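Visitor: Please pick one part of this model and take a close look at it. Then follow the links outward from there, one step after another.

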Amino acid sequence: MKTVWSGILCLLCATMGTWALSPRRADGLGESAARGVAMGGAFTAVARNLDSVGWNPANLGLSSDRRVSIALFSIGLELGNDGFTLSDYNDLNGRTWTDSDRQRILRKIPARGLKTDLRGEARALGFSYDRYAFRVAAIGAGDATLSRDPLDLALFGNQTGREYRLDTAAGSAWGAVAVSLSASRPVKGTRFREFAIGGTVTYIRGVAYGKLIQSTGTLMTTATGWTMRGDATARGSTGGNGVAFDLGAAAVFSSYRGAAGAQNLSIFILAPSASTASLTVRAVYEEDLVPCTSPLGTYVSVRRYDNYNA
């Protein structure tokens with residue numbers, strides 16, 4: 001039983017630390033770059049070759065990025081939740097849980113339910129040459145919200161006569177195939193040691209989309225068996241096409257040496273919001289300053305992310 005609980009807790013706590021380190025992207029592009037995930041998303045300035053497609057296409061125009069790279073297959077996933085942290089997992093994993101531990105887990109779940117989300121990318125084929133790159137990938141994302149009662153049932157077992165409610169269950173998921181083409185061009189005559197601009201054009205073919213719009217349900221254990229009722233409303237679709245454009249810039253300072261005082265900066269552009277519980281973010285500008293020794297200098301890249309909610 002201890003192994004089962006450890007697996008559940010691992011699922012709930014996975015990758016929570018990355019949420020605070022970088023803006024969440026709406027798609028899964030870039031998730032297959034293992035180094036970028038390991039760096040908590042602070043990868044925009046140092047992504048090179050084929051990885052530049054999902055992070056900053058302008059990096060293809062820098063002198064340190066002029067080589068051939070080929071990728072046949074790679075996959076990356078990011079899973080997060082809004083209730084548990086890695087320290088919770090480290091504290092509870094590997095030992096038998098007491099009733100106090102289980103109550104502690106339930107208290108961690110917000111009143112509106114535990115929300116989890118998943119983003120992923122499976123890169124099937126890609127290559128880069130000089131200032132150009134091409135990539136084919138399967139991308140997707142999903143989210144789900146689960147109320148406290150089902151987790152209470154899993155942790156403590158069913159109690160005779162108690163009604164367990166499933167009214168706050170919700171979720172959505174989508175998947176698509178993305179074909180991307182990136183190009184970059186160095187810009188001369190600037191005050192930087194190197195400066196480049198770049199862009200990516202991505203054709204997106206939708207595979208499937210589904211959303212649980214509304215759900216209600218109850219479960220009760222009686223002296224003679226189980227009583228269950230419920231209903232749900234969901235919608236889904238298949239197919240669909242779209243085109244996305246991504247622009248970026250990258251610069252290398254010629255006069256700066258040593259470590260940067262601020263290695264990652266984010267500027268949030270807010271939009272009007274009617275809600276008092278959330279902010280509507282129109283765009284996020286992420287700036288990375290990364291000192292390098294070969295070639296010597298500090299690389300600066302700027303990238304814009306659109307349509308975020310915080």
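**A loop and its surroundings**

Guide: Asn49 sits in the loop that runs between helix 2 (34-38) and helix 3 (52-55). Helices (H or I, at least four residues) and strands (E, at least two) are DSSP runs, numbered from the N terminus. The model is predicted, so local features need pLDDT of at least 70 and side-chain atom pairs count only at pLDDT 80 or more, while totals for chains, interfaces and linings use all residues. Residues are numbered from 1 along each chain as its sequence is written, and side-chain values use heavy atoms, with hydrogens and water left out.

Asn49 is not a glycine, yet its phi is positive, at about 55 degrees. Asn49 has a relative accessible area of 7% and therefore counts as buried (under 20% is buried, over 50% exposed, and in between partly exposed, with a 1.4 Å probe and protein chains only).

Ala47 also belongs to the loop between helix 2 and helix 3. With a relative accessible area of 0%, Ala47 is buried. Ala47 and Pro57 are ten residues apart along the chain, and 8.9 Å separates their C-alpha atoms.

Asp51 gives the loop a link to a distant part of the chain. Its side chain meets that of Arg123 in a salt bridge, at 3.4 Å from N to O (a side-chain nitrogen of Lys or Arg within 4 Å of a carboxyl oxygen of Asp or Glu). Arg123 is in strand 3 and Asp51 is in the loop between helix 2 and helix 3, 72 residues apart. Where do the two partners stand in terms of exposure, buried or partly exposed? Arg123 is buried because its relative accessibility is 8%, whereas Asp51, at 21%, is partly exposed.

Strand 3 leads on to the surface. Strand 3 (114-129) and strand 2 (74-81) each supply at least two residues of a nonpolar patch, and strand 3 provides the largest share of that patch, four residues. The patch is formed by Val68, Ile70, Leu72, Phe73, Ile75, Leu77, Leu118, Leu125, Phe127 and Tyr129, which together have about 1100 Å² of accessible area. Patches take residues with over 30% relative accessible area and no salt bridge, joining like charges within 9 Å and nonpolar side chains (Val, Leu, Ile, Met, Phe, Trp, Tyr) within 5 Å. The areas come from the Shrake-Rupley method with a 1.4 Å probe; for residues, only the protein chains shown count as cover. One patch member, Leu118, is placed in strand 3. Its relative accessible area is 38%, so Leu118 is partly exposed.

After strand 3 comes a second residue with an unusual backbone angle to note. Asp130 is placed in the loop between strand 3 and strand 4 (132-146). Asp130 is not a glycine, but it has a positive phi of about 55 degrees. Asp130 is partly exposed, with a relative accessible area of 28%.

The bridge between Arg123 and Asp51 has company: the whole structure contains 13 salt bridges. In helix 5, Asp99 pairs with Arg102, with 3.3 Å between the closest N and O atoms. These two residues are three apart in helix 5, about one turn of the helix. Asp99 is exposed at 52% relative accessible area, while Arg102 is buried at 15%. Another pair is Asp152 and Arg162, whose closest N and O atoms are 3.0 Å apart. Asp152 is in helix 6 and Arg162 is in the loop between helix 6 and strand 5 (163-165), so this pair ties together parts ten residues apart in sequence. Asp152 is buried, with a relative accessible area of 10%, and Arg162 is partly exposed, with 26%. A network of salt bridges links Asp88, Asp91, Arg95, Asp101, Arg104 and Lys108.

Helix 5 and helix 6 also form a pair. Helix 5 (residues 99-108) and helix 6 (residues 148-156) have axes that come within 10 Å and cross at roughly 165 degrees. Helix 5 is therefore roughly antiparallel to helix 6 (under 35 degrees is roughly parallel, over 145 roughly antiparallel, 65 to 115 roughly perpendicular, and the rest oblique). Axes are lines fitted to C-alpha atoms, for helices over the stretch in contact, and angles run from 0 to 180 degrees between N-to-C directions.
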